[in-house]
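Here's a relaxed walk through a structure you may not have met before. Take a look at it first, and then we'll go through its parts one by one.

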Amino acid sequence: MDYFDILISILGSAIRLSVPLLFTALAGLFSERAGIFDIGLEGKMLASAFASACVAYWTGNAWLGLLAGIGISIVFSLVHGFASITNRGNQIVSGVALNFVAAGLTIVLGQAWFNQGGRTGQVPAEGRFSSIVLPGADAVRDVPIIGPLYANVISGNNILTYIAFLMVPVSWWVLYRTRFGLRLRAVGENPGAVDTAGISVSWLRYRALIVAGFLCGFSGTYLAIAQSAAFINNMSAGKGYIALAALIFAKWKPVPVMLACLLFGFLDAFANFMQGKSVPLLGEVPVQIFQALPYILTCVLLAGFIGIARPPKAGGVPYTKER
Amino acid sequence: MSLDSSNEPAIELVGIDKRFGAVHANKNINLTVAKGSIHGIIGENGAGKSTLMSILYGFYHADQGEIRISGKPITIRDSQAAIAAGIGMVHQHFMLVENFTVLENVMLGAEGGQLLRKGVASARRELKRLEDDYGLEVDPDAVIEELPVGSQQRVEILKALYRGAEILILDEPTGVLTPAEADHLFKVLRVLRDQGKTIILITHKLREIMAITDTVSVMRRGEMVATRKTAETTVEELAELMVGRRVLLRVEKGEAKPGKVLLSVRNLTVKDSRGVTMVDDVSLEVRAGEIVGIAGVAGNGQSELLEAIAGIRKPASGEIFLDGKPVAGVGPAELRSLGLAHIPEDRHHMGLVLKFEEYENSILGYHRDQRYGRGALLDLDAIRKDAEEKIAKYDIRPPNPRLRTANFSGGNQQKIVVAREIERDPNVLIIGQPTRGVDIGAIEFIHKRIIEMRDAGKAVLLVSVELDEIRSLSDRILVMFAGKVVGEKSGEAGEQTLGLMMAGIAA
């Protein structure tokens, strides 16, 4: 394999690994731009992975699986909203609680229903999102550079991957070109301005959380029935937090969010590739070093190497009318 | 103008009553505001002005009473209903999204459709029209946080007009403005009135009432106590109506008898956290038995000078002597033990912990004192007794040392700080903005205490952005501009002279 083939294979894998991050980070984008910290992304992802795997297993229909994943993720979002918007609770505590609930519940229910140590049953092929070969992929495969790039990186992904990347311009358009987006961005900065303009702060924030739940449902579904064929214990493995880091790194903007997710996906793919390979001059490096790279990068980035990340000003603060 | 509506008052409030638990914020309020007039509502902090206006704007619901707009009774359920009834409000703390443009802020809540594109074009046209009609100039594409405060306020006014407001309520609009910006605002308000808009101006500044209003209503402790034609009343009468007794607007003080130098500053240079020189080679002396005032527009180094003398900010160079002892770089705790007391400029930021109960704040900074406890333990009985004495002596209301400090009014909070610092009987007292956000009654009280300190032979250094305050209290006035003391005048110096020095034009 020459270096170009290696690069193509890493890039393809980077795309696939960045999809769940992208859905989740965009979900966080809507929630946090509306002023609701969403540390519960991880839990939503996990719960939706479990729900979609179960439903896909029982029905053999991937779309019903997706629907279940989105449904459960929205339910989690609404619980978060009830705690932090209606009852003005602490958003971090509520989010962490949801993460625990998701981690525990998926194992208990999984064991009760499938008796496989927390795994769900193997989802049949028709219950999964399989890869789509884009038109002309085979025809251009032999064209130098562009050919393999099209055939192996852009083509051959499942439908959720294309939806993920389509969601980037859609999110941008919603945030910056619609009334809902304008109000959503405003409520995350100064809910008082929204309230005095005669708009309900609570309802606006609930809608933002519903959008977040919707997007996060895709990410869990992707993990369970697109990337794999079953739900596995703690399958999200901290991706919700990585997505949150990507969101901050991207300063809460849609296009940078995509780039940040691709970067994290690339590091992940790189780590997988380096497994068992020797590095020039250093010899064989323990794979854990590479696996740690995304997390190290997260720490470094969050420690301030990205310049001042200015979060939405009203983030994390429950809104109360002042006298 | 149609005859039937022109005679109806713009707003009638009939028997408005509102309670918050035990607090009776508005008692049976009746108010009539004539169409096309500027109507001032004046009263001390906590008199119920803001509550009344919040009821009018749909933030609160009155327990009883009726609101009539142009003669028609209406119910105002929320802000949306108020906007629909043609009422616009300019809040004291601006309700603007700081990282949005002017245009986005104006459109928020009145976007004209699900998509922004169409609304943007019409909002732009409408803004241009409002600008031409009323002289409200703002660049629609400027980002709010990059605009000066005066322009931000103009955006608030534009927001209301854009929504078709015929009645404009302004809550303490000049609190954040420079004198020039306030003048500009008044000009705009007059234009608005002349074009038929009705304006309600809420303030506690008598001067503004006299300068701009046609009619003035006075509130005191939840009641509407009087309404007067502005032309037929005087500042003295209004002050008396506000406070409920005669008030001395001018401080009475005798001749100063300066003694030895107690505080001396030599060639002091102070830099801020970014390394910018804020105080540049300043020297000054304050003698026993005199008040030295430092005048200047906010941000010319007065704050940093105070902080350096109080030991909060380390000077870059120069010397400070307290009764002859060099103290530059000495911390605030030690300075206090050496007889220096400090009333900080911002009581919320530096003077008080708002979540603490009153008695806890009454010893803050002196908590290591033997009187208040031994070793690591506090003697709570002694502290509360001490707090009660101060409350009585300074007439702090409500007289409850167990009340959270945040629940006191601004004037009473300031009295807590003043009592704490003055009752230690310091030799040198440094004061920043002694009466910012404080009502007239408390201003008079605090000014008297400061004069008493002087007469007791203490050295007082006073910093204030209120030129009136500097002029009425100080025996000598230093003017600071761009970090330097640009001149010294006697306490009798004229406003004009000092104003020019503050602007850096004359020395």
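Let's begin with a small piece of chain B: β14(B) and β15(B) run antiparallel and are joined by 2 bridges. Keep in mind that what you're looking at is a predicted model. Across this pairing, F321(B) sits opposite P326(B) in β15(B). The two strands form a hairpin with 2 residues between them, and here D323(B) takes a positive phi near 50°.

**The four-stranded sheet**

That hairpin belongs to something wider. The open sheet has 4 strands in the order β12-β11-β14-β15 (chain B), and the pairing is antiparallel. Which strands sit at the edges? They are β12 and β15 (325-326) of chain B, each of which pairs on one side only.

Moving inward, strand β11 (residues 261-271) of chain B meets strand β14 (residues 317-322) of chain B in the antiparallel sense, over 5 bridges. You can pick out partners here: L263(B) faces L322(B) in β14(B), and S264(B) has F321(B) as its bridge partner in β14(B). So F321(B) turns up twice, once as the partner of S264(B) and once opposite P326(B).**The six-stranded sheet**

Chain B has another open sheet, this one of 6 strands in the order β6-β7-β8-β3-β9-β10 (chain B), with mixed pairing. Its edge strands are β6 (87-90) and β10 (223-229) of chain B, each pairing on one side only. On average, and ignoring direction, neighbouring strands in this sheet are turned by 20° against each other.

At one edge, β6(B) pairs with strand β7 (residues 167-171) of chain B in the parallel sense, over 4 bridges. In that pairing, I87(B) stands opposite I167(B) in β7(B). Helix α6 (residues 149-162) of chain B packs on the sheet and touches β6 and β7 of chain B, with its direction at about 170° to that of β6(B). Another helix, α9 (residues 235-243) of chain B, lies across β3 (38-42), β9 (215-220) and β10 of chain B, and it runs at about 30° to β9(B).

**Two domains in chain B**

Chain B is divided into domain 1 (3-243) and domain 2 (261-502). Taken over C-alpha atoms, the centres of these two domains of chain B are 35 Å apart. Where they touch, domain 1 of chain B puts in 7 residues and domain 2 of chain B puts in 6 residues. The side of domain 1 of chain B that touches domain 2 of chain B divides into 3 nonpolar, 3 polar and 1 charged.

**Where the chains meet**

How many residues does each chain bring to the contact between A and B? Chain B gives 22 residues and chain A gives 18 residues. On the chain B side, the largest share is 3 residues, and it comes from helix α3 (residues 79-84) of chain B. By class, that side of chain B has 10 nonpolar, 8 polar and 4 charged residues.

**The nonpolar core**

Nonpolar side chains tend to be buried together in soluble globular proteins. Here, the largest nonpolar core has 225 residues, and A53(A), A246(A) and I169(B) touch the most other members. Helix α10 (residues 201-227) of chain A gives the most to this core, with 15 residues. The core also draws at least three residues from each of domain 1 (3-243) and domain 2 (261-502) of chain B.

What does A246(A) touch, leaving aside residues up to four places away in sequence? Its contacts are L21(A), A25(A), V257(A), A260(A), C261(A) and F264(A).

**A few backbone oddities**

Most residues other than glycine have a negative phi, and most peptide bonds are trans. This model has some exceptions, and three residues with a positive phi go into the table.

| Residue | Phi | Where it sits |
|---|---|---|
| K251(A) | about 55° | loop between α11 (239-249) and α12 (254-274) of chain A |
| D281(B) | near 55° | strand β12 (residues 277-287) of chain B |
| D323(B) | near 50° | hairpin of β14(B) and β15(B) |

Are K251(A) and D281(B) buried, exposed or partly exposed? K251(A) counts as partly exposed because 15 other C-beta atoms lie within 10 Å. D281(B) is partly exposed too, with 14 C-beta neighbours inside 10 Å.

The last stop is a peptide bond. R397(B) and P398(B) are joined by a cis peptide bond, with omega about -5°. P398(B) itself lies in the loop between α14 (380-394) and α15 (410-422) of chain B.

How values were computed:
Residues are numbered from 1 along each chain as its sequence is written. Chains are lettered from A and ligands numbered from 1 in the order in which they are written. This is a predicted model: local features need pLDDT of at least 70, side-chain atom pairs count only at pLDDT 80 or more; totals for chains, interfaces and linings use all residues. Two residues are in contact if their C-beta atoms, placed from the backbone, lie within 7 Å. Ala, Val, Leu, Ile, Met, Phe, Trp, Tyr, Cys and Pro count as nonpolar, Asp, Glu, Lys and Arg as charged, and the others, Gly among them, as polar. A nonpolar core is a set of buried Ala, Val, Leu, Ile, Met, Phe, Trp, Tyr and Cys residues joined through C-beta atoms within 7 Å. A residue is buried if 20 or more other C-beta atoms lie within 10 Å of its own, exposed if 12 or fewer, and partly exposed in between; C-beta atoms are placed from the backbone. Domain bounds come from an automatic or database domain assignment. Two strands pair if DSSP finds at least two bridges between them. Axes are lines fitted to C-alpha atoms, for helices over the stretch in contact, and angles run from 0 to 180 degrees between N-to-C directions.
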